[in-house]
Amino acid sequence: MKKRNLIKYSIGALFLLLIIKQGKAQIQNADVLNAPVDVSEYFYDYQNTFYFADKLADFDPKTGKGKVEYKRYQYQSRQAFNNMLMKPDTVPANEFPATEYEVSPNLPFEIQFISDRTVRIKMTSGPQFNPEKESLMLVDGVAPQNPDQWKYSKIKEGHRYTSAHGTVEIHTNPWHVKIFDKNGKLLTSTLHTNDVANTYTPVLPFSYVRKNSDYSRSFSAAFTLQPDEKIFGCGESFTQFNKRGQKVVLYTDDANGVQNETMYKPIPFYMSSRGYGVFMHHSTPITVDFGKYFSGANEMMIGDDEADIFIFLGEPKDILDEYTNLTGKSEMPPLWSFGFWMSRITYFSEKEGRDVAKELRKNKIPSDVIHFDTGWFDVDWRNNYEFAGDRFDDPKKMLSDLKDEGFEVCLWQLPYFTPKNTLFNEIVENDLAVKDRKGNIPYEDAVLDFSNPATVTWYQNKLKHLFDLGVSVFKVDFGEAAPANGIYHSGRTGFYEHNLYPLRYNKAVAEITKKEKGYTLIWARSTWAGSQRYPLHWGGDAATTNTAMSATLRGGLSLGLSGFSFWSHDVGGFVTKSPEDLYRRWTPFGMLSSHVRSHGEPPTEPWLYNKSFLEAFRKADNMRYELMPYIYAQAKESSEKGLPMMRALFVEFPEDAGSWLVDNEYLFGSSMLVAPLFENGTSRDVYLPKGTWVDYQTGKAYEGGWHHIEAGDIPIIALVKNGTVIPHIDLAQSTKDMDWSNLKLKVFASSETTTAKGLVYLPKGEKIETIEVTKEGNNFKLKNNPLQGKTSFSIIK
């Protein structure tokens, strides 16, 4: 028996050793380096002291400022029938001398009115001796205030403010902030201990905790949840689309895949199906329990000793517009970025890059970007911003030649520098890296400290050198592992800087790109609130499986509901060679995303699969390039309104109850509904919102509801909203060669429909134009041409 166990143990140990040696495994939810910080544990520790927001001590309705009285609690245990119960109860002060400290402190509370749809609630748990003057997360550094858009009135319970879109009530005793829509329906309310007195479950109300271990304080901004309420957003989350019933940890992490609960791109923002959204304006770790522990409570557990909450009122489009007015809208990327990006891990030489360009044109695969990943340096992964001299004969000429052929070049890099990197000593000696408590560096790698202006300047000069050679864009990889225990130039620890790191990193690259190239464009993996200002971001290291493909879509939809207009993913998956069938089905999904790149373990190039696959890939790619006028116009509108190009159905159809339940379809822009094939086959069930929908490939019409639909020649299901004009352009092998002076209009309309509309936006155009056609007899004709002299239109079937 012992021998058998020893053999089993040896095999298991060997297996674990092999996994670790390969470097392809990460243990989640373990106390290891850069493990996500779940602050909810602060609120379950019976050793800690809790302060429950109880009543409004004073309030000035003109300034919106006052104080809230908090009552002191601790968990008390009680054994009952072999079951240990734990419930918070009031306790006396434990400080000495007793004359110096408050048992029930009165602490600042403020309500601000940002717009007629946006309200801000600010609370503090103690004095703020080092307040932040400007926030990197806010587009202007500070939030505007427009109190005149809200009318004040005194009510029996306390105070009421009303705008055209809703009402906010502040109740005195017990203290509540209640949010209503314009029709008077209660949307949500702060949670008071009285609200949960009718349950045996110990629920913490709106409160803060004082940790016994270090006396630090953290808020739990607890609000109510209503029956059937659904929650969406929180960044690029790969778990179930509706976050109701989940606990979400908002902490930037190298997720090592797209099928677990950690995130490359957490965003402290979500929206509710009841008509409101919430932005938690913090950079500390945040854990949100959306009714997982107690179904009626939404507990926003914030690591910070303040609570700074923005609440937005309206439909999903209104909420996204308001949120991105505050934190920034995505800039419009250049036209060529919407073309196909060809990549793999990795092209190692000038010859490989030139050969790929040659094969793309030879096989008539329209493409605009070639990406060199981790191998363009002397040593693979050792980023020193220099092309390997023995493998790149003349990088400047290579870049110039590729541009002449219609290819922009993207280069990989990252902000971590190993001890063997030739730049390591320069970074450390010039104090450009994050420090530890002793003044050393916390990791073996030097991690650039982007809170230091000198670091940003040094770093941007490295990129400028490559821009001068002719590089067009940088892959802003990693960024999720900023030292949590680090000391940053900002004067703050990693507890506040870790989540901000991707935003600082994105900003540094985007701004030098804008300065040197005239456009804002990156290709980034990690984010925080505000990163949407610096497009674009891609979906991380997906497995080459059906479930990874479907999780990728959920992540993209969630990120889109968090303020990001543009997003991409590795077509076919990343980790291993993509199975042909999967790659074939994933390709049109990628082509009908805002941006598209094939990337991962080789082969990723379509000509390295069989002839049938090459043909299928080409057809999907051709479809995208012919759709470029639609894609470009939808991108422009999305960037102006804070909308995602890949959007959940309910963004366009909030009144359609079924639209809130679907996470395996999406709208590509405002008018195309896309349903990828997530399993081997040629058809699938598709939900259509109310109205008539016309199959993009076959022309067959369907009414709203569930249908089992067969895919067309291209293995994807795409339908167009009835009454839509989709502008097309003649096929070209790169966007550089497209002729925008003659566009073709394809009308998708049922036999009863007499008018149809679409959007057109020209490269370097002044504004988006609406194109309208009317039916005359059996044909549609253009009503008028708003782009007369710039573009002519012809209507095709």
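Tyr215 sits in the loop between strand E11 (207-210) and strand E12 (217-224). Its phi is near 70 degrees, a positive value in a residue other than glycine. The model is predicted. The points below cover backbone geometry, selected side chains, one pocket and the cysteines.

**Backbone: positive phi**

- Most residues other than glycine have a negative phi, and most peptide bonds are trans.
- Tyr215 is partly exposed, because its relative accessibility of 43% falls between the limits of 20% and 50%.
- Trp381 also has a positive phi, near 80 degrees, and is not a glycine.
- The loop between strand E21 (369-372) and helix H4 (395-404) holds Trp381.
- Trp381 counts as partly exposed, at 43% relative accessibility.

**Backbone: cis peptide bonds**

- Pro535 and Leu536 are joined by a cis peptide bond, with omega near 5 degrees.
- Leu536 belongs to the loop between strand E26 (523-524) and strand E27 (537-538).
- The bond from Pro602 to Pro603 is cis as well, and its omega is about 0 degrees.
- Pro603 is placed in the loop between E30 and helix H11 (611-626).

**Trp412 and its neighbours**

- Strand E22 (residues 408-413) contains Trp412.
- Trp412 is buried because its relative accessibility is 0%, under the 20% limit.
- Leaving out residues up to four places away in sequence, Trp412 touches His371, Phe372, Asp373, Thr374, Trp376, Phe377, Trp381, Asn383, Lys475, Asp477 and Phe478.
- One of these contacts, Trp381, is the loop residue with positive phi described above.
- Between Trp412 and Glu703, the C-alpha to C-alpha distance is 46 Å, with their positions 291 residues apart in sequence.

**Phe113 and its neighbours**

- Phe113 is part of strand E4 (residues 106-113).
- At 6% relative accessibility, Phe113 is buried.
- Phe113 and Asn146 are 33 residues apart in sequence, yet their C-alpha atoms are 5.6 Å apart.
- Asn146 is also among the contacts of Phe113.
- Beyond four places in sequence, Phe113 further touches Thr118, Val119, Pro144, Gln145, Pro147, Trp150 and Tyr161.

**Arg684: a buried charged residue**

- Arg684 lies in strand E34 (residues 683-695).
- Arg684 is buried, because a relative accessible area of 10% is under the 20% limit.
- The Arg684 side chain makes a polar contact with the backbone oxygen of Pro676, at 2.8 Å.
- Pro676 is one of the residues that Arg684 touches beyond four places in sequence.
- Others in that set are Asn664, Glu665, Ala675, Leu677, Phe678, His707, His708, Ile709 and Ile717.

**Ser594: a buried loop residue**

- Ser594 occupies the loop between helix H10 (580-591) and strand E30 (596-598).
- Ser594 is buried, with 3% relative accessible area.
- Its side chain reaches the backbone nitrogen of Trp567 at 3.1 Å.
- Trp567 also appears among the contacts of Ser594 beyond four places in sequence.
- The same contact set includes Phe338, Ser565, Phe566, Arg624, Met645 and Phe668.

**Second largest pocket**

- The second largest pocket holds about 680 Å³ of space.
- It is lined by 30 residues, and those closest to its centre are Gln128, Pro131, Glu132, Glu306 and Arg492.
- Two elements each give two or more residues to this lining: strand E5 (118-124) and strand E19 (306-313).
- E5 supplies the largest share, three residues.
- By class, the lining comprises 11 charged, 10 polar and nine nonpolar residues.

**Cysteines**

- A disulfide is a covalent bond between the sulfur atoms of two cysteines.
- Across the whole structure, the search finds zero disulfides.
- Cys234 is buried, at 0% relative accessibility.
- Cys410 is buried too, with a relative accessible area of 1%.

Technical notes: Residues numbered from 1 in each chain as written. Heavy atoms only, no water. Disulfide = S-S within 2.5 Å. Buried < 20%, exposed > 50% of the residue type's maximum accessible area, 1.4 Å probe, protein only. Helix = DSSP H or I, 4+ residues; strand = E, 2+ residues; numbered from the N terminus. Polar contact = N/O pair within 3.5 Å; in protein donor to acceptor, adjacent residues only side chain to side chain. Contact = heavy atoms within 4.5 Å. 1 Å grid on protein atoms, 1.4 Å probe; cavity = no way out; pocket = protein on both sides within 12 Å on 5 of 7 lines; lining within 4 Å. Points joined across faces, edges and corners; volume = space filled by probe spheres on them. Nonpolar A, V, L, I, M, F, W, Y, C, P; charged D, E, K, R; others polar.
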